Amino acid sequence: MFREKRLWQWGSHIILLLLSLACIGPFLLLFTASLTDEQSIIQNGYSFFPKDLSLAAYQYIWEQSSLIFNAYGITIFVTVFGTASSLIITSMLAYPLSRRDLPGGMFFAFLLFFALLFNGGLAPTYIIYTQLFELKNTLAALIIPGLLMNGFSVLMMRGFFMTTVPSSVLESASIDGASEFTVYRKIVMPLSLPILAVVGLLQGLLYWNDWFNGLVYLTNPNLYSLQTVMNQLMSNIQFLASNSSVGSLASGSMQELPSEAFRMAIAVISIAPIMIAYPFLQKYFVKGLAIGAVKG
């Protein structure tokens, strides 16, 4: 029995190690490709052990450092503020919808589900946000349109409240004289840390990776987020690479433009903060699962 247990443990460790390498491998290839010479990529393709190393892609990005650092600050602010606001709004809508005694609760839930399936389209949405709410060229344009409240997140949080938060606890609090907001703030929220962590992580990734709002609602470069700036830089270098008459005016030959390596460098710079922050967020995610568990 002891021998079989040891074999099972070693087999499990080997399988998990292989799965970990399969997950880490693409990121390592991405990083090495960003450090590979452009001509080496064209001739030999991507490799974990490139023959010719080059920092040309990062040098090109460093030349735009002032714009990129400003975009980093905007992206961090939008991600933190937008995620916190989204959690508050989503939970405050999901909680009353989870109460079975809410008048018209099924009707409002149907409206929320209906909005997930149908929308007015890009043109009406753009007109409403720019002319009615006047969000064009404001930071609110990076926070509100399409991101601040997600109908799927509301329904997911509503289902969690209905199935996990004990109704007897809510009834006891109401009998003791607690208001609905007190029940929501002091009972429902502490018991809902797992779903808050999940929704918060998803919303944070949506805000961090969003480039569409910046493309549609912003024309001021000082308000561009990181993804919008990276998309713009990528478009610029592709334009130079495909137009020899324009590229001849730039310093260096067209062969030296690190278009392929630049793609990889952009991806590294974009995902690096998320990869650094995730191990710290994972601790709170697991802690939320433990604290939020309802024990009988």
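User: Where does Glu134 lie?

Analyst: In this predicted model, Glu134 belongs to the loop that runs between helix H6 (122-132) and helix H7 (140-143).

User: What is notable about the phi of Glu134?

Analyst: Most residues other than glycine have a negative phi. Glu134 is not a glycine, yet its phi is positive, at about 55°.

User: Which other residue in the loop between H6 and H7 should I examine?

Analyst: Asn137 also lies in the loop between H6 and H7. Its phi is near 60°, again a positive value in a residue other than glycine.

User: Are Glu134 and Asn137 buried or exposed?

Analyst: The general idea is to compare the relative accessible area with cut-offs: under 20% is buried, over 50% is exposed, and values in between are partly exposed. Glu134 has 61% relative accessibility and therefore counts as exposed. Asn137, with a relative accessible area of 28%, is partly exposed.

User: How many of the helices and strands does the protein chain contain, and what share of its residues is buried?

Analyst: The protein chain has 15 helices and zero strands. Of its 296 residues, 34% are buried.

User: What span should helix H8 have?

Analyst: One takes 1.5 Å a residue, applied to one less than the number of residues. Helix H8 comprises the 14 residues 151-164, so a span of 20 Å is expected; the C-alpha atoms at its ends are 20 Å apart, which agrees.

User: What caps the N-terminal end of H8?

Analyst: Asn150 does so: one of its side-chain oxygens lies 2.8 Å from the backbone nitrogen of Phe152.

User: Which residues of H8 are buried, and what covers them?

Analyst: The buried residues of H8 are Gly151, Ser153, Val154, Met157, Arg158, Phe160 and Phe161. Their cover includes helices H4 (65-98), H5 (105-117), H10 (180-191) and H11 (193-209).

User: Which residues make the nonpolar surface patch?

Analyst: The patch covers about 1,000 Å² and is made by Phe107, Phe108, Phe110, Leu111, Phe113, Phe114, Leu116, Leu117, Phe118 and Phe152. Helix H5 contributes its largest share, eight residues. One residue of helix H5 is Phe113, which counts as partly exposed because its relative accessibility is 43%.

User: What area does the whole protein chain expose?

Analyst: The protein chain exposes about 18,200 Å², and carbon and sulfur atoms supply 69% of that area.

User: What share of the contacts joins residues at least 24 apart?

Analyst: Among contacts between residues at least 6 apart in sequence, 74% join residues at least 24 apart.

Definitions and conventions
Residues are numbered from 1 along each chain as its sequence is written. This is a predicted model: local features need pLDDT of at least 70, side-chain atom pairs count only at pLDDT 80 or more; totals for chains, interfaces and linings use all residues. Side-chain values use heavy atoms; hydrogens and water are left out. Helices (H or I, at least four residues) and strands (E, at least two) are DSSP runs, numbered from the N terminus. Buried means under 20% relative accessible area, exposed over 50%, partly exposed in between (1.4 Å probe, protein chains only). Contact means heavy atoms within 4.5 Å. A polar contact is a pair of N or O atoms within 3.5 Å; within protein, one must be able to donate a hydrogen and the other to accept it, and residues adjacent in sequence count only if both atoms are side-chain atoms. Patches are made of residues with over 30% relative accessible area and no salt bridge: like charges are joined within 9 Å, nonpolar side chains (Val, Leu, Ile, Met, Phe, Trp, Tyr) within 5 Å. Accessible areas come from the Shrake-Rupley method with a 1.4 Å probe; for residues, only the protein chains shown count as cover. A salt bridge is a side-chain nitrogen of Lys or Arg within 4 Å of a carboxyl oxygen of Asp or Glu.
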